[in-house]
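I opened a notebook for this structure and wrote down each thing as I looked it up. The entries follow the order in which I went through them.

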Amino acid sequence: MTLLSVEDLHVHFVTRGLDNRIRTARALNGVSFTVEQGEIVGLVGETGAGKSLTALAAMGLLRPPAMIPTGAIRFDGQNILALPPRELNAIRGVRMTMIVQSPLTSLDPLARVGDQLVRMQQQHSRISRAEAVKRALAVLDEVRVADPERRMRAWPHELSGGMAQRVLIAMALVNRPRLVIADEPTTGLDVTVQAQVLDTLRDLVRANGMSAIIITHDLGVVAHHCDRMAVMFAGTIVEQGRVSDVFREQRHPYTRALISATPKRIAAQGFGQVGGTPPDLYNLPGGCLYRDRCGRATELCTSAPPLIGIGPGHGVLCHHAAEIPAP
Amino acid sequence: MLILRFTLRRLLVAAPTVLGVLFITFMLVRIGHQDPVAMLAGPMADRAMLEMIRTQLGLDQPLFTQFAGYLWRLAQGDLGRSWQSNQPVLHEIIAHFPTTLELTLLSVGLGAIIGVPVGLRAAFRPNGWFDQISRVVSLLGFSVPTYWMGLMAIFIFFFLLRLAPAPMGRLSLEVIAPPTITGSLVIDSIAAGNWEALRSALAQLMLPVSCFTLIAAAPVVKQTRAVAIEILGSDYIRYARACGFSPRTVRRIVLRNAVAPVLTFIGTQLTSLLAAASLIEFIFAWGGLGHWGLNAILLGDFAAVQGYVLTLALFSVFVFLVIDLLVLLLEPRGQRR
């Protein structure tokens with residue numbers, strides 16, 4: 001069953017420049033994907049590709065100057081884009097939760113960890129404080145926080161980065177959501193802690209039949225923790241499919257460039273790099289957005305690329321997808 | 001225990017500051033162009049008499065010897081004598097301080113009570129109509145010179161509209177003052193059950209407090225708005241919204257986090273406005289510490305000027321200590337040290 005579906009989502013930032021002219025940055029340009037019940041989907045791509053923006057839109061958190069000219073987001077049968085704030089607040093934090101990038105600055109500095117976990121529950125249900133404390137302790141234990149009782153009394157500034165990240169995961173899980181969106185949940189953590197935190201998250205999502213979206217730069221994270229993946233570039237999804245299919249086929253030139261730039265491949269084949277810079281969102285060219293950076297670009301690429309099906313659930317946004325041989 | 005240690009440490013740190021203030025004030029009044037001896041002796045004095053007075057006052061000694069003597073007497077609680085009134089400076093300060101404190105505390109208190117909610121409301125809807133209006137009004141409070149505002153208030157509310165009593169001190173001339181207990185006429189009147197004096201004292205306070213409140217509220221509005229806008233843009237408020245917290249809860253988190261910075265700012269306001277009170281007092285013939293201090297400066301009354309500045313410095317040390325203690329209790333981050 002489809003839990004979240006995003007269809008042809010466009011997000012524009014409309015601002016007035018110093019010369020008083022209205023400027024439009026086209027940050028998302030037709031993003032479509034779904035998250036099925038019990039599935040973990042990875043969103044990868046370079047900075048500015050629109051990964052976080054997609055997540056914020058799904059949570060209904062976009063505010064002016066961001067606007068959504070076209071697109072549809074359905075979560076659990078509800079149209080997120082048409083819901084009034086009150087009803088959105090009945091979804092956010094309960095049925096759909098988010099793990100943000102900067103754990104140390106995201107917790108309320110003047111509330112103890114325990115109080116924040118209790119507040120998260122009491123905002124969304126008529127649970128007694130004693131009951132909420134019990135659930136909070138249980139969930140801290142689940143995310144493998146040592147000595148939960150002591151941590152409940154800690155202030156956010158007393159936590160290490162890894163500990164704060166675990167607390168944020170506890171916050172995201174304490175109301176037993178259907179979907180968890182983890183926006184680069186491990187930036188700023190060292191590698192061993194990263195792996196532990198992600199393992200914990202994946203195990204808990206699996207054990208409770210939840211779904212998750214993991215946003216990351218790290219293809220290793222996608223390979224180890226996700227079922228399906230979507231590769232984003234300049235506000236579009238250029239390739240998506242099952243993780244094993246995408247890694248095997250790598251049909252989009254950008255996907256291929258990304259994979260060839262991972263450390264393991266560099267050791268084996270020398271340094272591959274994704275050349276060029278992202279296109280100017282204020283002044284997007286027509287046709288394929290990756291054209292200027294693509295080694296395979298032809299005359300054909302000046303027209304908008306079609307979505308070509310490679311296999312079941314595996315699609316690539318490229319004129320030449322069918323001609324590119326698997327590596 | 002923590003509080004005691006904190007207090008002691010703060011006082012220890014404050015000591016050199018106060019000493020520096022004493023030194024600078026002492027030297028500044030002496031290198032000024034005024035010669036108090038000539039003023040004291042009057043136009044008929046001859047050279048020998050001038051020298052005699054100079055020796056009597058110890059002004060013939062080297063500056064540093066004078067300063068050492070001043071410190072020595074100060075340590076014994078002797079702030080010297082005002083040449084103008086021939087009273088001990090300490091007595092004059094004790095007599096005048098409550099008057100100024102009453103005016104300043106009332107104005108800063110009212111300024112905070114008005115300024116904080118206005119600043120918050122403006123921050124929650126930046127550039128909305130409320131924000132625009134509050135910005136214009138607080139700009140007035142910032143930019144209109146104190147004396148002009150005082151004079152205009154007198155002109156409009158006393159002279160034209162006859163709403164306020166004559167700006168001639170703290171009590172109408174027809175009213176008998178209550179016996180002095182605290183030095184605040186409002187409190188003393190209530191204590192003595194003298195309702196006529198209370199009414200008169202409040203009526204006299206009306207105009208100076210209104211002017212002073214506007215001056216005090218303007219920066220509080222601006223600062224509160226800035227603090228709240230910064231908090232509203234913070235990661236933890238964005239996260240609170242992502243958690244689906246109700247707007248009320250979000251506002252409560254903003255409020256709680258704004259308390260310490262706003263409180264600290266109001267503390268700095270209190271100390272600087274105590275000094276700024278002198279102009280308002282002058283215009284309304286208030287006769288408080290500011291009025292007295294301003295006169296002392298104009299007349300070159302060394303001991304009185306030093307006493308005035310010392311009082312301001314000690315008051316600042318005290319206010320900052322109290323504010324820091326409050327913040328320490330409100331903020332978990334400070335307590336760890």
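Entry 1, a cut-off. I count a residue as exposed if 12 or fewer other C-beta atoms lie within 10 Å of its own, and as buried if 20 or more do. I also note at the start that this is a predicted model.

Entry 2, Arg150(A). I looked up whether Arg150(A) is buried or exposed. Arg150(A) has 10 C-beta neighbours inside 10 Å, so it counts as exposed. I found Arg150(A) in helix α6 of chain A, which covers residues 148-152. I then took a distance from Arg150(A) to Met59(A): the two are 91 residues apart along the chain, and their C-alpha atoms are separated by 32 Å.

Entry 3, Ile215(A). I went next to strand β9 of chain A, residues 211-216, where Ile215(A) has its place. Ile215(A) is buried, because 22 other C-beta atoms lie within 10 Å. Which residues does Ile215(A) contact, leaving aside its neighbours within four places in sequence? I listed Leu43(A), Lys51(A), Ser52(A), Ala55(A), Ala182(A), Asp183(A) and Glu184(A). I also checked Gly50(A), which is 165 residues from Ile215(A) in sequence and 10 Å from it in space, C-alpha to C-alpha.

Entry 4, domains of chain A. I noted two domains in chain A: domain 1 runs over 2-226 and domain 2 over 241-327. The centres of these two domains, taken over C-alpha atoms, are separated by 28 Å. Across the boundary, 11 residues of domain 1 of chain A are in contact with 9 residues of domain 2 of chain A. I asked which elements give two or more residues to the domain 1 side of this contact. They are β2 (22-36) and α9 (219-225) of chain A. Sorted by class, that side of domain 1 has 6 nonpolar, 2 polar and 3 charged residues.

Entry 5, a helix pair in chain A. I reminded myself that two packed helices are described by the angle between their axes and the distance between the axes. For helix α4 (residues 113-122) and helix α7 (residues 161-173) of chain A, I read an angle of about 20° and axes 9 Å apart. Angles under 35 degrees count as roughly parallel, so α4(A) is roughly parallel to α7(A). The crossing of α4(A) and α7(A) is right-handed. On the α4(A) side the contact is made by Val113(A), Gln116(A), Leu117(A) and Met120(A), and on the α7(A) side by Val167(A), Ala170(A) and Met171(A). By class, I noted 6 nonpolar residues, 1 polar and no charged ones in the contact of α4(A) with α7(A).

Entry 6, chain B as a whole. I turned to chain B and found 14 helices and 0 strands. The C-alpha trace of chain B spans about 85 × 55 × 40 Å along its principal axes. Of the 337 residues in chain B, 34% are buried. I also looked at contacts in chain B between residues at least 6 apart in sequence, and 70% of them join residues at least 24 apart.

Entry 7, Val221(B). I picked Val221(B), which lies in helix α9 of chain B, residues 195-232. Val221(B) counts as buried because it has 27 C-beta neighbours inside 10 Å. Not counting residues up to four places away in sequence, Val221(B) touches Gly115(B), Val118(B), Gly119(B), Ser134(B) and Ser138(B). I also checked Thr99(B), 122 residues from Val221(B) in sequence and 26 Å from it in space, C-alpha to C-alpha.

Entry 8, a helix pair in chain B. I read an angle of about 95° between α11(B) and helix α12 (residues 289-299) of chain B, with their axes 7 Å apart. Therefore α11(B) is roughly perpendicular to α12(B). The contact joins Ala277(B), Ser278(B), Glu281(B) and Phe282(B) of α11(B) to Gly290(B), His291(B), Gly293(B) and Leu294(B) of α12(B). By class, this contact has 3 nonpolar, 4 polar and 1 charged residues.

Entry 9, between the chains. I last looked up how many residues of chain B are in contact with chain A. I noted 15 residues of chain B in contact with 22 residues of chain A. On the chain B side, α10 (235-242), α11 (247-283) and α14 (332-335) each give two or more residues. α10(B) gives the most, with 5 residues. By class, the side of chain B that touches chain A has 7 nonpolar, 4 polar and 4 charged residues.

Key:
Residues numbered from 1 in each chain as written. Chains lettered and ligands numbered in written order. Predicted model: local features only at pLDDT ≥ 70, side-chain atom pairs only at ≥ 80, totals over all residues. Contact = placed C-beta atoms within 7 Å. Helix = DSSP H or I, 4+ residues; strand = E, 2+ residues; numbered from the N terminus. Nonpolar A, V, L, I, M, F, W, Y, C, P; charged D, E, K, R; others polar. Axes fitted to C-alpha atoms, helices over the stretch in contact; angles between N-to-C directions. Parallel < 35°, antiparallel > 145°, perpendicular 65-115°, else oblique. Left-handed = near helix turned anticlockwise from the far one by under 90°. Domains from an automatic or database assignment.
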